[in-house]
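Work through the exercises below with the model open. Try each task before reading its solution.

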Amino acid sequence: MRNRLLFGRSIETGSWIHPIDPRAKLTGMVLYLAALLLVDSWIPLLAAAIFSLIYMKMTLIPLKYYAKAAKPLWVLMVFIFVVQTLTVDEGRLLLEIGNVTVYAGGLSRGLISASRMLLLVSFTAMLTFTTTPGLLNQGLGGVLAPLKKIGVSADRLTLMMGIALRFIPTILDETHKILKAQAARGADLKELPWLEKGKLLVSLLVPVTVSAFRRAEELVLSMEARGFIIGEPRSEYHKLVWSTKATGFVLSFVVLIAIVLVLKLVLT
Amino acid sequence: MTEEQPAYHVQHVSFAYSPEQPVLSDLSFSILPGSWVSLVGPNGCGKSTLAKLLGGLLAVNEGMIEVQGIHLSSATIGKLRSHIGMVFQNPDNQFIGSTVEEDIAFGLESRCIPREEMKERVHSYAEKLEIGHLLSKHPAELSGGQKQRVAIAAILALEPDIIIFDEASSMLDERARGELLDILRGMKEEGRYTMISITHDAEEIMASDRAIVLSDGGIAADLTPWELFQDDQLLQACRLIAPYPVRLEKELNKLGITVPQEIRQSGEVEDRIWPLILKK
């Protein structure tokens, strides 16, 4: 139950990273992703991991929060590890059971891929940890603004994002309530066989969807009553300020990419 | 706005979502600026629909609504919107921002108010509603009563002349309801707002100046709250119970005791009675 609260929630610690322009953070995260995609051996991975840990420490947010952020994706990481381990056949043969073979190269590839995933998910959680959803949204609007030239309205996208982020915890809460109501009438999800579980989930979907629509309708009324008209000009409550720290933040990720590239070149 | 110009002038208004099922038929009334009117009636009598019509969220089928002398229509709603604020029933579904601060700012942003003024209004209205310490909180961290305070702050920050409360207290617990009522009383005393509240809460009705009783899409009665609570038939039709002081006075009347006007108005009847019982 407490885990859901982590979704899209900022944790204020007063670090120097918190007040950085969200546009810089978004750019940094994209560059980080690019750096990770370049990582394919242990030493660059180590460099990326050290870089990530230093940044995580600098946010003053306990590392266990980052670990928690990565936890929901453990199945995916295990999956990536298993697939890579079993399909890559380089290096020494380590294990052979029937058709299944595990090579040293495959094992190392699998571990590297899974670690990259772990780094990516936990590190990018920094974005939501250090930025309030409203600011993040405004930053996203800033980053997406050039899309207007090809006819995509960034305002609508960010409005949708903002409302989704705002209502996910509320709707999850409601889902729990309905689950409990069903359990109280004898249909306890925990005790049912798998097939029945599936059926119950369908019957859960109906009330949750209906109530989400009702909420949406009330939300629209409330937005309209407060003078919101889509596409109309609005003033912005938060002012995005691009500081020198923001430039430094983005540059540090460029440096990370450079380090990874240099290490790759040196090692091959 | 002159003194004579009514805040609302409703003439022969009818409304139906579909032609077979009329919701409101031929309503006419006026609301004076600075007054506080309760709209009461049983569930399904069209109160909320009327609130949406008055707030310009729905358009009338027939008749006319004038707001401060201006005909409310799709052409004028943009301009009139800034005079009308609405607070709805479910505190969760009117919380648009991700934090209290952003939610109060939402309407101000829509109105293109400069940043400095926005900051000032957000802080001053948050302080006024005693939510200044909650500005950075996410709605999931707030109680229902706190969320409803945020909703009111968000509306007051827009500085409207007219505020419509659509069952704003019905999802709150007893204590939060009492606090909300205190806020409404405070607003009434300020005198700058015309207030319309749709409510089932006897205390809230009692605190207002006037009660319009809706029934079957029409106006069943238009009277003072005091008169409403004397009329047992009307109370039963609206499924209302009179507040305690009113019931107490009725019982006293049955015993042949009349309560002097000045004591009734100050709400001190109980305070006068209990020392008498203690003395016995």
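Domain bounds here come from an automatic or database domain assignment. The model is predicted.

**Exercise 1.** Find how far apart the centres of domain 1 and domain 2 of chain B lie.

Solution.
1. Take the bounds: domain 1 of chain B covers 8-96 + 162-242, and domain 2 covers 243-280.
2. Take the centres over C-alpha atoms; they are separated by 31 Å.

**Exercise 2.** Describe the surroundings of strand E6 (residues 84-87) of chain B: are its faces buried or exposed?

Solution.
1. A residue is buried if 20 or more other C-beta atoms lie within 10 Å of its own.
2. On one side, B:Ile84 and B:Met86 are buried.
3. On the other, B:Gly85 and B:Val87 are buried too, so both faces are covered.
4. Now add the partner: strand E7 (residues 162-166) of chain B pairs with E6(B) in the parallel sense, over 4 bridges.
5. In that pairing, B:Ile162 of E7(B) stands opposite B:Ile84.

**Exercise 3.** Determine which helix of chain A gives the most to the side that touches chain B.

Solution.
1. Count the contact: 27 residues come from chain A and 30 residues from chain B.
2. List the helices of chain A that each supply at least two residues: H6 (133-144), H7 (154-184) and H8 (194-225).
3. Pick the top contributor: H8(A), with 8 residues.
4. Sort the chain A side by class: 11 nonpolar, 7 polar and 9 charged residues.

**Exercise 4.** Check residues 246-267 of chain A, where an unreviewed UniProt entry places one of the "transmembrane region" features.

Solution.
1. Read the secondary structure: the span is 100% helix and 0% strand.
2. Read the end C-alpha atoms: they lie 32 Å apart.

Terms used:
Residues are numbered from 1 along each chain as its sequence is written. Chains are lettered from A and ligands numbered from 1 in the order in which they are written. This is a predicted model: local features need pLDDT of at least 70, side-chain atom pairs count only at pLDDT 80 or more; totals for chains, interfaces and linings use all residues. Two residues are in contact if their C-beta atoms, placed from the backbone, lie within 7 Å. Ala, Val, Leu, Ile, Met, Phe, Trp, Tyr, Cys and Pro count as nonpolar, Asp, Glu, Lys and Arg as charged, and the others, Gly among them, as polar. UniProt positions are given in the numbering used here, feature names are shortened, and annotations may be inferred rather than shown by experiment. A residue is buried if 20 or more other C-beta atoms lie within 10 Å of its own, exposed if 12 or fewer, and partly exposed in between; C-beta atoms are placed from the backbone. Two strands pair if DSSP finds at least two bridges between them.
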